Amino acid sequence: MITYLKVRNLAIVEEFAIEPGPGLNVLTGETGAGKSLLIDSLEFLRGARGSTEMIRAGADKMTVEAVFELPRETHDALEEIGVDAGESEVIVKREIAVSGRGRVLINGSPLSVRDLGGVMDAFLEIHGQHESHGRVAGQGYRELLDDYGGHATLLAATAGTHASWREAAEQLRELTGAQRDRTLRLDLLRYQIDEISAATVDPAEEETLRAERSMLANARQLAEASSGAFALVDDDEDSALAQLARALHLVQPLAGEIADIATITAEIEDAIYRLQETSRGLSRLSDSVRHDPARLEEVEDRLVTIERLKKKYGGSVEAVLTHLSTIQDEFERLSDYETNVDKLQRIEEQRFAAWRSAAQALSAARKKAAKKFESAIQSELNDLAMERTTVKVVVDAADPTREHAAAHGIDRIEILIAPNRGEEPKPMQRIASGGELSRIQLAIAAALFKASQHAAAATLVFDEIDAGIGGRVAEVVGRKLQELAVGNQVICVTHLPQIASFGATHFFVWKEDAAGHTRARIRRLDSDEERVNEVARMLGGESIPASAVLHARELLDGARGRTAKARR
């Protein structure tokens, strides 16, 4: 839901900053005060086309910024386009300058307007005077019907069998495609396999060879150094060991009498032991070093071979061996082409048949659910004084062929509307007015909400929903908005006190003149008295009679009672 919305320099809006609450948020005010501008700002934020004409006179740019608190399941849509959704909050910002340049940011990451529209579909839906996007409660018509019918298991089966079939079909395509140049490919694979296999490379060998090369390349210097060092440590008459032995001979007789001498004696003995070990190491090294140009050449050649294979097949010995395993598998598949093609064809046919069966079962369930969904929507429309309007949920099933195979099945879902009896149903956005379209969308959302408590996860915005209604119907509309707002966020612009009284959060919009300019202002009505006065104004006009105040209190008290009951 939206937890914060800030609008700057939109038409007569200098700055709007509001914090919509959970549940039903209502916006009221005189006609022309600027309520529709808030809807325009949300349309702009969800990807509608921007224009420099929208910018307030004298301003450099227009900006709309909102903070959304999102459920975890909506984060995938953001991560797919490279936006880090964080824990729960997403900050969406869009601006347009007088130069025509625009910018979109989500959590600070730049985004295209097209991607913005796709992302915002998941959590912001606006119904009213603007064209419908074929979605309700953040869902497309197919998702609506599946949600209403509880088709999660059938959907999962269809998607799973489709993925399995696609995998087999792709393997078959690759294999049959490879047949066109199979002979050339087999020759290349055979050459590479022979080349790598003949080399018999080992991941540990390279390091060992490099160490040996260092020894062989420096054999003479190493022999001279080790033998010379051995002589200085142990072999000469004046070697280090000989000198230490003489020192030990001098001090050792006094070790039993003087503590300091005993310590020194022990240190000399320890030094002798360590030098003896060093001497043995130098002796072994001196004996092992040999000048062997032939072996050095062998090592160099072997390292050249390893380096060549690394450059050709992946950059490391491990990558070379992985490549060998991969091409051996491919060689075996191509070598046994006919057998593998027959096997893959059988697997592909079996998996396609499984998908077709799952898709047909899902389609049958959709057709059955469509009839119930129609009736539920029709019942809601009747409550909304749209008895003459008829609705039809159409499930148009394509042939379950490979050409039409999809993870969501074979159906195209459409919701058609006939405003008057006897007329041919048509897509509702073509024939419904703004107010009618809002009420139709409300009827669909209400029917869905009653069937599925987790539906309507998006923030739903309704504009012009009260066009041409009043009295009992207005109360019904308010009650349905209230039902829809249980556990969800709904924002509604209204001129009717019956609908306004149901709001959990109430915003008042007005215009004022300042410094020779007209500007729109907005504030939240926090006290009961403020809400009573506004509802009374909507009932009685600028001159508010006592009867209007009394009626306003009755409306608000009644709405609170129904709200408490709805939450239970």
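# Briefing: helices, sheet and ring contacts in a predicted model

Strand β11 (residues 390-397) pairs with β12 in the antiparallel sense, over eight bridges. The model described here is predicted. The points below cover the sheet to which these strands belong, three helices with buried residues, the aromatic rings, and two residues with an unusual backbone angle.

**The sheet**

- Three strands form an open sheet in the order β11-β12-β13, with antiparallel pairing. Its edge strands are β11 and β13, since each of them pairs on one side only.
- Strands of a sheet pair through backbone hydrogen bonds, and the pairing can be parallel or antiparallel.
- Between β11 and β12, Ala-397 has Asp-411 as its bridge partner in β12.
- On the other side, β12 pairs with strand β13 (residues 426-427) in the antiparallel sense, over two bridges. Ile-417 stands opposite Lys-426 in β13, and the bridge partner of Leu-416 in β13 is Pro-427.
- Strand β12 covers residues 411-418, and seven of its eight residues are buried, so the strand is largely enclosed by the rest of the structure.

**Helix α11**

- Helix α11 spans residues 293-313, which makes 21 residues. From its first C-alpha to its last it reaches 30 Å, close to the 30 Å expected at 1.5 Å a residue.
- The buried residues of α11 are Val-299, Arg-302, Leu-303, Ile-306, Leu-309, Lys-310 and Tyr-313. Seen down the axis of α11, these buried residues fall within an arc of 125 degrees, so they line one face of the helix.
- An α-helix has 3.6 residues a turn, so residues three or four places apart point the same way.
- The exposed residues Glu-297, Val-304 and Lys-311 are carried on the face of α11 turned away from its buried side.
- Gly-314 follows α11, and its phi is positive, near 135 degrees.

**Helix α3**

- In helix α3 (residues 113-120), the buried residues are Leu-116, Gly-117, Val-119 and Met-120. Viewed down the axis of α3, they fall within an arc of 165 degrees, so they line one face of the helix.

**Helix α1 and Ile-39**

- Ile-39 lies in helix α1 (residues 35-45). This residue is buried, with a relative accessible area of 0%.
- Leaving aside neighbours within four places in sequence, Ile-39 is in contact with Ile-126, Val-461, Asp-463 and Val-493.
- One of these partners, Asp-463, is 424 residues from Ile-39 in sequence. In space, Ile-39 and Asp-463 are 7.5 Å apart, C-alpha to C-alpha.

**Aromatic rings and charges**

- The model has four aromatic pairs. One of them is formed by Phe-352 and Trp-355, and it is tilted, with 5.5 Å centre to centre and 35 degrees between the planes.
- A pair of aromatic rings is described by the distance of the centres and the angle of the planes.
- Phe-352 and Trp-355 both lie in helix α13 (residues 337-383). They are three residues apart, about one turn of the helix. Both residues are buried.
- Ring pairs link Trp-165, Phe-352 and Trp-355 into a cluster.
- Phe-352 also has a charge over its ring: the charged end of Arg-402 sits there, 4.2 Å from the ring centre.
- A further case involves Phe-44, where the charged end of Arg-94 sits over the ring, 4.0 Å from its centre.

**Positive phi outside glycine**

- Most residues other than glycine have a negative phi. Two residues with a positive value are described here.
- Thr-200 has a positive phi, near 45 degrees. Thr-200 lies in the loop between α6 (182-199) and α7 (205-217). This residue is exposed, with a relative accessible area of 57%.
- Ala-385 is not a glycine either, and its phi is positive, about 60 degrees. Ala-385 is placed in the loop between α13 and β11. Ala-385 is partly exposed, with a relative accessible area of 38%.

Key. Residues numbered from 1 in each chain as written. Predicted model: local features only at pLDDT ≥ 70, side-chain atom pairs only at ≥ 80, totals over all residues. Heavy atoms only, no water. Helix = DSSP H or I, 4+ residues; strand = E, 2+ residues; numbered from the N terminus. Expected span 1.5 Å × (residues − 1). Buried < 20%, exposed > 50% of the residue type's maximum accessible area, 1.4 Å probe, protein only. Arc of directions from axis to C-beta. Phe/Tyr/Trp six-rings, centres within 6.5 Å; stacked < 30°, edge-to-face > 60°. Lys NZ or Arg CZ within 6 Å of the ring centre and 35° of its normal. Pairing = 2+ DSSP bridges. Contact = heavy atoms within 4.5 Å.
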